[in-house]
Amino acid sequence: MAVVSLLFLGLTVFCGVLAFGDGATRGIGVHAGFLIGIVGFVSVTVSMLARWASNTLDDVPGQKTRRSR
């Protein structure tokens, strides 16, 4: 999952340099790639952090353990 997040970050950086750099390419595809990269990176990263937080909140010291029947 972290690899996917890094791929989206790479897409964002690559398209951002093309769209907003000195020799800027004004194509709609470059700007769309930049926006897709931002949304994908934020979505995947927030998903990973939420999954990590939900796993760590289950390990609260002093909490009663659930017993299976």
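Helices here are DSSP runs of at least four residues, numbered from the N terminus. With that in hand, take V42: this residue lies in helix α2, residues 28-57. One caution before I go on. This is a predicted model.

Let me start with the whole chain. There are two helices and zero strands. The protein chain has 69 residues, and 16% of them are buried. Now the contacts. Take those with a separation of 6 or more: 54% of them join residues 24 or more positions apart. The accessible surface is about 5,600 Å². Carbon and sulfur atoms hold 68% of that surface.

Now the first helix, α1. S5 sits in α1, which runs over residues 2-20. That makes 19 residues. From its first C-alpha to its last, α1 reaches 26 Å. The expected figure at 1.5 Å a residue is 27 Å, so the two are close.

Which residues of α1 are buried? They are S5, T12, C15, G16 and A19. Where do they lie around the axis? On the same side of α1, because they cover an arc of only 110°. The general rule helps here. An α-helix has 3.6 residues a turn, so residues three or four places apart point the same way. On the other side of α1, we find V3, L6, L7, F14 and V17, and these are exposed.

What covers that buried side? The cover of the buried α1 residues includes α2. Two residues show the detail.

First, S5. Is S5 buried or exposed? S5 counts as buried, because its relative accessibility is 5% and the cut-off for buried is under 20%. Leave out residues up to four places away in sequence, and S5 touches F41, V44, T45 and M48.

Second, T12. This residue is also placed in α1. T12 has 12% relative accessibility, so T12 counts as buried too. Which residues does T12 contact, leaving aside neighbours within four places in sequence? F34, G37 and I38.

Over to the second helix, α2. How does its span compare with expectation? At 1.5 Å a residue, its 30 residues should span 44 Å. The end C-alpha atoms are 43 Å apart, which agrees.

The buried residues in α2 are V30, G33, F34, G37, G40 and V44. Their cover includes α1. So the cover works in both directions: α2 is part of what covers the buried residues of α1, and α1 is part of what covers those of α2. Some names come up twice. F34 and G37 are buried in α2, and T12 is in contact with both. V44 is buried as well, and S5 touches V44.

Now look at the outside of α2. V39 is placed in this helix. V39 counts as exposed, because its relative accessibility is 53% and exposed means over 50%. How far is V39 from L9? In sequence, 30 residues; in space, 9.7 Å from C-alpha to C-alpha.

Back to V42, where I began. V42 has 43% relative accessibility, so V42 counts as partly exposed. V39 and V42 also share a surface feature. Together with L35, I38 and V46, they form a nonpolar patch. Its residues have about 430 Å² of accessible area together. I38 deserves a second look. I38 belongs to this patch, and I38 is also in contact with T12 of α1.

That is the picture: two helices, each part of the cover for the other's buried residues, with a nonpolar patch on the surface.

Terms used: Residues are numbered from 1 along each chain as its sequence is written. This is a predicted model: local features need pLDDT of at least 70, side-chain atom pairs count only at pLDDT 80 or more; totals for chains, interfaces and linings use all residues. Side-chain values use heavy atoms; hydrogens and water are left out. Buried means under 20% relative accessible area, exposed over 50%, partly exposed in between (1.4 Å probe, protein chains only). Contact means heavy atoms within 4.5 Å. Accessible areas come from the Shrake-Rupley method with a 1.4 Å probe; for residues, only the protein chains shown count as cover. Patches are made of residues with over 30% relative accessible area and no salt bridge: like charges are joined within 9 Å, nonpolar side chains (Val, Leu, Ile, Met, Phe, Trp, Tyr) within 5 Å. A salt bridge is a side-chain nitrogen of Lys or Arg within 4 Å of a carboxyl oxygen of Asp or Glu. The arc is that of the directions from the helix axis to the C-beta atoms.
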